[in-house]
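Here are a few short exercises to work through with the model open on your screen. Try each one before you read its solution.

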Amino acid sequence: LSDKEEGKRKKSKSKVDCCGFPLSIFFIVVNEFCERFSYYGMKAVLVLYFRYFLQWDDDLATTIYHTFVALCYLTPILGAIVADSWLGKFKTIVYLSVVYTIGQAILAVSAIHDITDLDHNGKPDSMAFHVALSMVGLSLIALGTGGIKPCVSAFGGDQFEDQQEKQRSTFFSIFYISINAGSLLSTLITPILRAQECGINSQQKCYPLAFGVPAVLMAVALVVFIMGSNMYTKAAPKGNIMLEVCRCIGFAIKNRFQHRSKRYPKREHWMDWANEKYDKLLIAQVKIVLKVLFLYIPLPMFWALFDQQGSRWTLQATTMDGNFGAFKVEPDQMQIVNPLLILAMVPLVDSVVYPLTKKCGLNFTPLRRMTVGMFMAGLAFIAAALLQIQIDKTLPTFPSASQSQVKFLNLENSVLPVTVDGATYSIQPFQACQTLSFPSTAVLNTLPVSGRDTVCWNLSSGSRLVNGFEAEVNITAGSKDLGFIPQFGFSNYTQLPEGTTKNPHKKSPTNGYLGFGSSYTLLIPGDFSFGPECAKTIRPIEDIKPNTVHMAWQIPQYFLMTTGEVVFSVTGLEFSYSQAPSNMKSVLQAGWLLTVAVGNIIVLIVAEAGQLPDQWAEYVLFASLLICVCVIFSIMAYFYTYIDPMEIEAQFAEGGPQDKEEKSKNLSMTDVIPASEDKKSEVKQSRI
């Protein structure tokens with residue numbers, strides 16, 4: 001071999017095998033497990049970080065969340081080009097993993113509220129700093145996770161010799177399990193970490209820990225991967241087929257545009273205009289790829305619904321009761337239902353459902369499976385809409401943009417009449433009136449606040465104290481120090497964990513159950529006295545009732561969505577692999593990932609532009625759009641002819657130059673040689 005050919009493939013000096021497998025794959029599998037733990041763990045709590053730490057509303061939190069996910073699925077194209085054309089897979093994984101780790105670390109630092117909490121009140125004084133740091137961290141994470149996505153599995157495949165096809169197939173199965181195991185554990189663990197309280201000057205939900213652990217796991221993934229460096233088989237860059245395909249398509253379009261006059265004879269397919277420059281086999285392969293990519297056009301709508309499990313569905317869970325008796329489930333932990341069901345349903349569907357349909361004589365082709373999967377996702381959002389309608393019945397009425405809400409507390413030991421906007425309300429001693437809603441101008445013009453009357457604005461959930469005592473009082477709630485509350489003043493709402501409250505006095509009226517989503521005002525009256533019986537005089541006032549709809553009601557929609565994922569996503573990957581030319585499987589993989597990115601872009605457009613007044617209406621809108629797209633896709637699938645790319649490639653390899661030219665002229669998207677009847681129903685398995 002020449003020096004140039006020798007350099008195309010570098011092998012380790014001593015390749016170690018274990019049970020017939022290269023020992024190097026151990027480092028790759030562990031790397032993938034840690035990386036997926038890092039990604040899914042961070043992603044599980046991300047929308048709640050936006051909502052409750054950065055204080056964004058639901059729509060903005062959803063928009064930024066899906067923008068981030070879209071970037072994660074756009075950057076794989078960049079990673080594939082860099083790996084195949086410049087750095088090679090190994091260096092690309094290492095360099096982008098460093099970027100990935102730095103991004104995770106920056107995100108963890110951005111969640112430390114004490115950095116800008118100079119007045120020690122528990123809230124950052126410069127939210128812009130935290131937002132900027134978060135966006136930098138997320139941008140680096142998107143570049144890192146997306147860039148290495150197309151490289152790691154392919155790099156693992158490179159570790160096997162040509163005669164090790166069985167071992168390579170087993171590796172991909174183990175690789176797939178490591179992905180789901182990392183997702184499962186991280187979705188379970190990071191919400192627990194987030195629910196802890198931490199801080200230097202004040203205790204808050206521990207987002208730094210929830211982001212910090214994934215950052216550590218990503219650093220471990222990088223170290224483990226580098227440790228196996230001397231054992232890897234490293235294929236040198238060979239040029240990127242995606243760029244070659246794009247150049248071929250671009251030349252065909254340009255050549256057709258330059259020869260659009262009627263004096264030039266028409267060609268059977270517009271790609272035939274690339275004949276003057278490109279190989280006939282390449283043109284035929286591009287035609288096959290374009291035929292499959294055309295089928296991809298409706299697919300983003302499925303991902304638009306699927307990826308809302310981490311945004312809208314998680315926000316929906318925040319308004320529900322997560323008490324399962326023996327254990328309590330955090331809103332972001334409900335996402336664990338998806339990987340649990342996947343691990344159970346994938347083998348069940350493969351070994352029971354598909355063989356059963358075949359025995360029943362049903363021709364359940366891959367495209368039909370994908371159609372059913374899209375329909376199931378639409379049903380999942382119908383279920384989410386029905387659940388949301390029930391949740392809305394239990395939620396308090398919040399003010400519109402033109403309204404204000406007020407609640408009056410009577411700190412006098414006598415009935416207090418209050419007149420607002422022409423209406424009079426009698427407030428009992430040491431009690432509060434119901435929440436009142438008025439047009440903003442009316443409240444501002446006629447609101448009588450004087451003496452010991454206190455206006456209480458109902459803006460957030462949690463608990464707070466109002467001091468009607470004759471002097472300021474220092475308040476401590478568990479590990480939270482609320483500081484000194486001045487006379488006739490009140491503290492901010494403080495987030496407290498769900499559970500049972502206990503005070504030194506067993507019969508204290510403040511003993512009780514703090515349910516998920518509930519909000520209370522604890523009134524310290526003027527006759528308050530310090531001592532063992534002090535809690536006896538504190539009067540609790542319920543501002544917002546606890547959530548009453550149980551989180552278990554989300555399981556049906558998760559089941560429908562996961563069923564749709566199994567028959568859509570797994571089948572789609574298999575279909576793409578079986579229909580792709582041998583050297584263009586990465587092109588269709590990039591196209592598949594691009595549909596995920598476009599789906600997330602659809603979500604952020606609808607979230608920002610739709611502005612539907614009710615969340616259930618948005619769910620119905622998404623379900624309706626997907627069902628319409630499902631009908632369109634089923635029509636496209638009906639007219640699709642399954643092909644065997646290897647047969648077509650073999651024809652070009654066997655024929656002479658004249659044969660090849662003639663076959664190229666006659667080859668079109670509508671008359672490619674169809675596969676045998678067996679091939680139509682049996683699709684080559686490839687899930688990675």
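**Exercise 1.** Find out how far pLDDT stays under 50 over residues 662–688, and how many contacts the model has there beyond four places in sequence.

*Solution.* Keep in mind that this is a predicted model. Start with the stretch itself: residues 662–688 keep a pLDDT under 50 throughout. Now count contacts beyond four places in sequence, and the model gives 63 for this stretch. Next, zoom out to the chain, which averages a pLDDT of 79, with 78% of the residues scoring at least 70. Then look at residues 503–511, where the pLDDT is also below 50 and the model has 22 contacts beyond near neighbours in sequence.

**Exercise 2.** Work out which residues are closest to the centre of the largest cavity, and which helices help to line it.

*Solution.* First, the count: there is 1 cavity of 30 Å³ or more. Its volume comes to about 50 Å³. Second, the lining has 10 residues, and Asp350, Tyr354, Val566, Val570 and Thr571 are the closest to the centre. Third, place the lining on the fold: helix H12 (337–359) and helix H15 (555–579) each supply at least two of its residues. Last, sort the lining by chemistry, and you get 5 nonpolar, 1 polar and 4 charged residues.

**Exercise 3.** Decide whether strands E8 and E9 pair in the parallel or antiparallel sense, and describe the turn between them.

*Solution.* Locate E8 at residues 416–420 and E9 at residues 423–427; they pair in the antiparallel sense over 5 bridges. To check the register, pick valine 418, which stands opposite tyrosine 425 in E9. Now for the turn: E8 and E9 form a hairpin with 2 residues between them. In that turn, aspartate 421 has a positive phi of about 55°.

**Exercise 4.** Classify the ring pair formed by phenylalanine 90 and phenylalanine 155, and say what it ties together.

*Solution.* The whole structure has 38 aromatic pairs. For this one, the ring centres are 6.2 Å apart and the planes meet at 35°, so the pair counts as tilted. Phenylalanine 90 sits in helix H4 (residues 89–110) and phenylalanine 155 in helix H5 (residues 127–157), so the pair links parts 65 residues apart in sequence.

Technical notes: Residues are numbered from 1 along each chain as its sequence is written. This is a predicted model: local features need pLDDT of at least 70, side-chain atom pairs count only at pLDDT 80 or more; totals for chains, interfaces and linings use all residues. Side-chain values use heavy atoms; hydrogens and water are left out. pLDDT is the predictor's confidence in each residue, from 0 to 100. Contact means heavy atoms within 4.5 Å. On a 1 Å grid over the protein atoms alone, a cavity is a set of points where a 1.4 Å probe fits but cannot get out, and a pocket is an open set with protein on both sides within 12 Å along at least five of seven lines; lining residues have an atom within 4 Å of a point. Grid points are joined across faces, edges and corners, and a volume is the space filled by probe spheres set on the points. Helices (H or I, at least four residues) and strands (E, at least two) are DSSP runs, numbered from the N terminus. Ala, Val, Leu, Ile, Met, Phe, Trp, Tyr, Cys and Pro count as nonpolar, Asp, Glu, Lys and Arg as charged, and the others, Gly among them, as polar. Two strands pair if DSSP finds at least two bridges between them. Rings of Phe, Tyr and Trp (its six-membered ring) pair if their centres lie within 6.5 Å; planes under 30 degrees apart count as stacked, over 60 as edge-to-face and the rest as tilted.
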